[in-house]
Amino acid sequence: MKVAIYGQYYQNSTEPIIKDIFLFFNSNNVEMVIEEDFLKMLYEKQLINAEYNTFSSNTSLDDSFEMLISIGGDGTILRAATLVRDSGVPILGINAGRLGFLATVQKEKIDSFLQFVVDKNYTISERTLLSLTCDPENDAIAELNFAMNEVTISRKDTTSMITVETYLNNEYLTSYWADGLIISTPTGSTGYSLSCGGPLLTPDVKSLVITPIAPHNLTARPLVIPDDTEIKLRVSGRENQYLVSLDSRIASVKNESVLTINKTNFKIKMVEIPGETFLKTLRNKLLWGEDKRN
């Protein structure tokens, strides 16, 4: 078996996880291929000293890999998705952060969960992504133009609202007067969209959510739409530019540019370990069903 390893380093929480993973996989004769920059960090921190093969992009990943192990939080998985892209290699998230809906393997149970990996006792959850194009073309967006969680439009260098003229399949919807607008996938519904009042979607729902950020018109509510809808946005405001983010990647875009958002033609595969379901994660992370009054 061969797995790819990628991660972020947090001194107080990551070191024991890294040591446990390498010990387990080495004792089970699992071949590990380490992301190039992550391996350099492991050498610098003297966490490992053996030599390993490396990868740096999706072109190095093929169907010989069982999966990619992501060590960190949900943000690390979003960065891992930019490495995996359309290679089809599934991602398993090991949580070294705090609140997370994607990195479901907890550090206290690493050995038992990795045994499921070795035994190939797991399922795959496919996650919808969004692609973004800009007219006129924006190099910062064109370089890596997809998002797993959300595409967000927001104001820049001003306290004034922006106006986001919105079309669905070329039919005018409305013009949002707001601090910004979030276009969220089901995966991203537990993130920024949720904090702005958007609904929770289960990962397998074929829908997207449009969530305004601090809208001036209080009747502007989050809207759930089919995921095959083409969304076009034209933004105007007092500043010459506004911000567009694809997950954690941010670009500046000129006023009156037209943004087109579609579902990508590929999906990211997430590994689900037995017993660690999305609904269980909701209960645990959001404390559903627990009485905290006393």
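**Cores and aromatic contacts in a predicted model**

Let me start with the interior: the largest nonpolar core holds 32 residues, and among these I5, I21, F25 and I69 touch the most other members. I should say at once that what we are looking at is a predicted model. Two or more residues of this core come from each of β1 (2–7), α1 (11–27), β2 (31–35), α2 (36–44), β4 (67–72), β5 (91–95) and α4 (110–118), and the largest share, six residues, is given by α1.

If you pick out I69 in the structure, you will find that, leaving aside residues up to four places away in sequence, I69 touches V3, A4, I5 and Y6, together with I21, F25, L92 and I94. There is also a second core, separate from the one just described, with 27 residues that include L130, L181, I210 and V253.

Now to the aromatic rings, where a search of the whole structure finds five pairs. One of them joins F22 and Y52, whose ring centres are 5.5 Å apart and whose planes meet at 80°, so this pair is edge-to-face. F22 belongs to helix α1, while Y52 lies in the loop between α2 and β3 (53–55), and the pair therefore links distant parts of the chain, 30 residues apart. Are these two residues buried or exposed? F22 is buried, at a relative accessible area of 4%, and Y52, at 18%, also counts as buried because the cut-off is under 20%.

Finally, two charged side chains sit over rings: the charged end of K2 is placed over the ring of F65, 4.4 Å from its centre, and R249 lies over the face of F146, at 5.9 Å from the ring centre.

Note on methods:
Residues numbered from 1 in each chain as written. Predicted model: local features only at pLDDT ≥ 70, side-chain atom pairs only at ≥ 80, totals over all residues. Heavy atoms only, no water. Core = buried A, V, L, I, M, F, W, Y, C linked by side-chain atoms within 4.5 Å. Buried < 20%, exposed > 50% of the residue type's maximum accessible area, 1.4 Å probe, protein only. Helix = DSSP H or I, 4+ residues; strand = E, 2+ residues; numbered from the N terminus. Contact = heavy atoms within 4.5 Å. Phe/Tyr/Trp six-rings, centres within 6.5 Å; stacked < 30°, edge-to-face > 60°. Lys NZ or Arg CZ within 6 Å of the ring centre and 35° of its normal.
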